[in-house]
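Here are a few exercises to work through with the model open beside you. Try each task before reading its solution.

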Amino acid sequence: MNNIALGQYVDGKSIIHKLDPRTKLLSLMLLMIAVFLIPKPLNNSFGRTASFIMLGGFAVIILMIVLFTKISLIKYLNSLKQLAFLFIFTFIIQLLTPQGDNKLLLDLNLNLSIVGILIIIAWIVLFILLRKFIPLKLFVFLGLTCLSIYLLTYDLGFSFGSFKLKLYEDGLYNGSFFFTRIFLVIMLSTVLTLTTKPTDLTSAIEWYLHPLTYLKINVSIFAMIISLALRFIPTLFNETQKILKAQSSRGVDFKEGTLKEQISQIISLLIPMLVISFKRAADLADAMEARGYIPGAPRTKLNIMKFGLSDLFSFIITLIIFATIIIIKVI
Amino acid sequence: MKVRFNNVSFAYDEESVVLKNFNLTINDGEMVAILGHNGSGKSTIAKIMMGLLEVEKGEIYLNDKVLNMDTIEECRNHMSIIFQNPDNQFVGVTVKDDIAFGLENKQLPREEILNRIQKYLRLVSMEDFIDHAPEELSGGQKQRVAIAGALAMESELMIFDESTSMLDPKGTKEVNEMIKKIKNENNKTIIVITHNLEEASYADRIVVLNSGEVVTDGTPKEVFKKIEVLEASGLKTMESVSIIHNLKNKEYKNKKEIEEALWELTFNE
């Protein structure tokens with residue numbers, strides 16, 4: 001939970017840090033859209049090569065942006081860790097789904113033998129029991145899954161049936177494509193949150209929403225809501241940790257137990273969190289009011305945004321990349 | 001700034017009447033400690049003054065200007081408050097942003113905001129933490145930031161609403177030192193709301209509240225002498241005051257007897 005990147009700005013003086021938040025927000029949004037616009041790999045080697053070259057090109061651009069931020073790669077990887085399951089799940093689903101010309105990459109005949117299944121169950125139980133002590137759990141689990149599949153290719157005794165596991169070539173290409181695409185988009189959003197102060201991000205959002213004021217929509221209130229939410233994310237996470245520890249000391253185990261038990265254990269965390277959040281919200285409202293805050297009233301700003309030459313340069317490059325992808329997509 | 005409560009009554013509901021015909025005058029430049037146990041109505045006074053609660057009966061005057069819902073926005077420009085929970089009043093994402101919050105509401109120009117941030121952070125010795133996030137600060141440091149934010153408003157009246165009650169001894173000491181410094185270096189009217197007699201002892205005047213009524217009012221020395229009144233109001237007197245009070249009622253022949261009596265009183269033997 002401590003690794004969550006949202007609202008975790010890392011102070012720095014890099015070119016990316018210095019960019020106007022409006023430029024960063026719009027450019028990174030355009031780049032994210034561009035990543036999604038890269039055509040899916042076609043059922044021929046030319047189509048595949050083209051898609052992967054474009055994806056590779058984007059990966060190089062994003063890697064350059066990441067290097068320009070001068071922030072440790074570990075920070076980026078930490079934010080990706082939260083979504084590792086999503087990456088792998090997407091990849092496996094694509095791999096197992098027949099697509100295009102259904103050219104087989106792997107065709108395995110798996111035996112359902114009692115001995116084999118018992119060995120796999122034993123591995124799973126052992127993994128669950130020892131998971132606290134296993135480093136890189138996800139990779140170990142994937143390794144065990146592969147090993148289990150390999151084991152099932154042999155008849156280990158007391159076989160009662162068999163089934164076919166088919167992996168398709170197009171599935172492999174599509175899986176790798178979607179995996180890389182999500183990875184790149186997450187990297188881009190992480191660049192934004194790690195190099196932009198929440199207040200600057202809010203100011204940029206407020207600026208882009210400004211036209212809504214002509215429709216009598218008060219965007220400053222909306223911006224304040226986002227700003228306060230970002231401000232209180234780390235505070236509420238700390239609070240959650242404290243409650244987790246307090247409840248653990250009273251015998252609540254959030255990791256073990258049946259589904260029903262786990263739900264009731266989560267309730268023991270949620271109720272105090274809700275009570276604390278409401279109390280904090282009421283106190284904060286009092287503090288803001290006492291300091292002269294009137295929702296929707298005009299305010300001056302400490303942080304002003306400046307659109308400089310570097311912003312113009314970055315924006316032009318983004319537009320060129322975006323336009324190129326659009327042209328390729330249309331052709 | 002002169003503050004006057006005239007027959008003020010307030011209740012959260014019909015059964016819990018907090019203030020009953022409350023009268024109090026605080027003179028310009030005076031430091032007054034409002035002392036009382038939990039539920040005595042002392043924090044309600046602060047909230048009423050800041051316009052966070054509306055009185056049922058009576059009037060409050062700030063420099064002869066009546067405080068009500070029509071004048072509160074203007075009156076808030078002359079008052080600032082430091083609440084008890086340092087986390088729940090930290091609005092900004094960084095120290096700088098938090099101090100700027102009130103000044104932005106006042107619509108001060110950016111240059112003026114920056115000047116005041118520097119000036120008041122230096123005053124509370126927090127200039128090295130200007131870009132720090134609240135999670136990187138201790139409770140005492142957060143409360144010093146809140147004080148800097150209140151000072152930056154340059155208001156004539158400062159209210160400290162149990163601003164040390166959630167701090168550890170180090171944080172409490174830091175905040176109390178700061179209050180003393182403000183008292184000595186500025187001509188501000190200061191109201192310290194507390195249940196701690198030691199904190200109240202720095203004030204020019206102490207007002208003791210019990211069940212929403214003033215039970216005694218005077219200089220710290222005058223108030224501390226009324227030990228029965230303090231105890232009846234649910235307040236724990238300072239050790240030194242208890243010792244003086246107990247020594248007064250007995251006769252001692254020599255230094256040794258006094259020393260023995262002091263040990264006895266200190267450990268309640």
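Two strands pair if DSSP finds at least two bridges between them; strands themselves (E, at least two residues) and helices (H or I, at least four) are DSSP runs, numbered from the N terminus. This is a predicted model, where local features need pLDDT of at least 70, side-chain atom pairs count only at pLDDT 80 or more, and totals for chains, interfaces and linings use all residues. Residues are numbered from 1 along each chain as its sequence is written, while chains are lettered from A and ligands numbered from 1 in the order in which they are written.

**Exercise 1.** Work out the strand order of the open sheet of four strands in chain B, and find its edges.

Solution. Start with the order, which is S2-S1-S4-S5 in chain B, with antiparallel pairing. Next, look for strands that pair on one side only: these are S2 (17-26) and S5 (65-66) of chain B. Now zoom in on one edge. S4 (residues 57-62) of chain B meets S5(B) over two antiparallel bridges, and there Tyr61(B) sits opposite Val66(B).

**Exercise 2.** Do the same for the open sheet of six strands in chain B, then find a helix that packs on it.

Solution. The order here is S6-S7-S8-S3-S9-S10 in chain B, and the pairing is mixed. S6 (79-82) and S10 (213-218) of chain B are at the edges with a single partner strand each, so one side of each has no neighbour in the sheet. Ignoring direction, neighbouring strands are turned by 20 degrees against each other on average. (Axes are lines fitted to C-alpha atoms, for helices over the stretch in contact, and angles run from 0 to 180 degrees between N-to-C directions.) At one edge, S6(B) runs parallel to S7 (residues 157-161) of chain B, joined by four bridges; Met79(B) faces Leu157(B) there. As for the helix, H6 (residues 169-185) of chain B packs on this sheet and touches S3 (31-35), S7 and S8 (189-194) of chain B, with its direction at about 155 degrees to that of S8(B).

**Exercise 3.** Describe the side of chain B that touches chain A.

Solution. Count contacts to begin with: 28 residues of chain B are in contact with 27 residues of chain A, contact meaning C-beta atoms, placed from the backbone, within 7 Å. Then ask which helices of chain B each supply at least two residues: H2 (72-76), H3 (95-105) and H4 (110-123). H3(B) gives the largest share, six residues. Finally, sort the chain B side by chemistry, which yields twelve nonpolar, seven polar and nine charged residues. (Nonpolar covers Ala, Val, Leu, Ile, Met, Phe, Trp, Tyr, Cys and Pro; charged covers Asp, Glu, Lys and Arg; the others, Gly among them, are polar.)

**Exercise 4.** How is chain A divided into domains?

Solution. Take the bounds, which come from an automatic or database domain assignment: domain 1 is 1-108 + 165-195 + 309-331, and domain 2 is 198-302. Their centres, over C-alpha atoms, are 29 Å apart. The contact takes eight residues from domain 1 of chain A and twelve from domain 2 of chain A.

**Exercise 5.** Where in chain A is confidence lowest and highest among the elements?

Solution. Use pLDDT, the predictor's confidence in each residue, from 0 to 100. Chain A has a mean of 84, with 95% of its residues at 70 or more. Strand S1 (residues 104-113) of chain A is lowest, at a mean of 78, and helix H2 (residues 21-37) of chain A is highest, at 93.

Technical notes
Contact = placed C-beta atoms within 7 Å.
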